[in-house]
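Biologist: Got a minute to walk me through this one? I'd like to start with how the parts sit together.

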Amino acid sequence: MDSAAVEIDGSVMEGVSIHFNYQRNNGKAAEANGELAASSRLSAPLVRLLSHPAVGSPQGGQILRVSAALSCITGSAIKIIKIRAGRSTPGLRPQHLTGLQLVSDLCSGSLQGASIGSTDISLTPGKVRSGNHTADTQTAGSVCLLLQAALPCALYADAASQLLLKGGTNAEMAPQIDYTVKVFKPVVERFGVHFDCDIRMRGYYPKGGGEVAVTAQPLKELQPSSTGCLFAGSALGKKGVYADKVGIEAAEMLLRNLRHNGCVDEFLQDQLIIFMALAKGTSRIRTGAVTLHTQTAIHVAEQLTQAKFTITKSEDELSSSVTYIIECQGSGVVNPNL
Ligand SMILES: Nc1ncnc2c1ncn2[C@@H]1O[C@H](COP(=O)(O)OP(=O)(O)OP(=O)(O)O)[C@@H](O)[C@H]1O
């Protein structure tokens, strides 16, 4: 029997407090500090993630997606409580619920307590499963955020996975599907990730109704890489907003990210953390200010894998630019199904 309890004050990340309780006991169910503990296929830790009730977590969805995907891949059972506490609509929204159900489906898992508005859920993963998986937010909830949770899982299956994702292809506060295909996809290919994305129907707020078919290939292990540079600016048109304003917003995003002299934009940085954590070897990205989403993803990844991240500030006197190098000694998780 090998057990340890670790409590981490995550308040270093503004508004988020994360506590982790570890329990290892050779895969048998156990009680940890009066909280439910669950067994898993790798006799892995029970993890509790707790968002601060007073302030609320600005990265609530991010915690769910990264921790659920890593639970699926590493075999760690997780329990997440106080989900999106402090929000005007706390708990799971359709995109979060659908994403969790999809991840659970991908890992033949047991998902408990998950429904719209749930603030506590637990996921006990089983074996990662290839083949067909369908997920439908039934709203304009972003299919790109469904993919964010599901893609890393599909890489650890025994064969190709076909994901039919329904919802919003172009939603606010989420990657546009065009960004996922034109920026995210070529960059993650450097880690050895290969997926095809067929945009069958676009879906927008409020109706949704978009449909994207993704085929993802499994791999033995992810390789580290330098990123190269690929930048985009995107903005979403809305009723009552003139097209020129939308164009200006997109151009501003592009300029903002070109100016900081990094190689990764303010959104891609958090989306790459999970791949850096899983890869075998050292990955490095140069970026502008490190976002709260990125800090959250790093924090969760360091708890659920052996990955170690460091962030170094780098000032260039000539151009007076400040960039940050995010470096990760990846955990080198090997696909046991190939
Ligand atoms: N314009 C954009 N371009 C590319 N990616 C984006 C853009 N806007 C947001 N994202 C990405 O979308 C994700 C949003 O995560 P976030 O957790 O805020 O979403 P959420 O699930 O809606 O969470 P919550 O409901 O808790 O606000 C992040 O990975 C972020 O990088």
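**Domains and a sheet**

Modeller: Sure. Taken over C-alpha atoms, the centres of domain 2 and domain 3 are 19 Å apart. Keep in mind that this is a predicted model.

Biologist: OK, where do the domains run in the chain?

Modeller: The assignment gives domain 1 as 1–126, domain 2 as 130–219 and domain 3 as 222–338.

Biologist: And how many residues of domain 2 are in contact with domain 3?

Modeller: 23 residues of domain 2, and they meet 19 residues of domain 3.

Biologist: Which helices supply the domain 2 side?

Modeller: α3 (143–154) and α4 (177–189) each give at least two residues to it. The largest share comes from α4, with eight residues.

Biologist: How do the residues on that side divide into nonpolar, polar and charged?

Modeller: On the side of domain 2 that touches domain 3, 14 are nonpolar, four polar and five charged.

Biologist: Switching topic: what's the strand order in the open sheet?

Modeller: β11-β13-β12, three strands with antiparallel pairing. β11 (282–287) and β12 (308–316) are the edge strands, each pairing on one side only. On average, neighbouring strands are turned by 20° against each other, ignoring direction.

Biologist: How many bridges join β11 to β13?

Modeller: Six, and β13 covers residues 321–329. One of the pairs to look at is Thr-282, whose bridge partner in β13 is Gln-329.

Biologist: Which helix lies across those two strands?

Modeller: That's α6, residues 268–278, lying across β11 and β13. Helix α6 runs at about 170° to β11.

Definitions and conventions:
Residues numbered from 1 in each chain as written. Predicted model: local features only at pLDDT ≥ 70, side-chain atom pairs only at ≥ 80, totals over all residues. Domains from an automatic or database assignment. Contact = placed C-beta atoms within 7 Å. Helix = DSSP H or I, 4+ residues; strand = E, 2+ residues; numbered from the N terminus. Nonpolar A, V, L, I, M, F, W, Y, C, P; charged D, E, K, R; others polar. Pairing = 2+ DSSP bridges. Axes fitted to C-alpha atoms, helices over the stretch in contact; angles between N-to-C directions.
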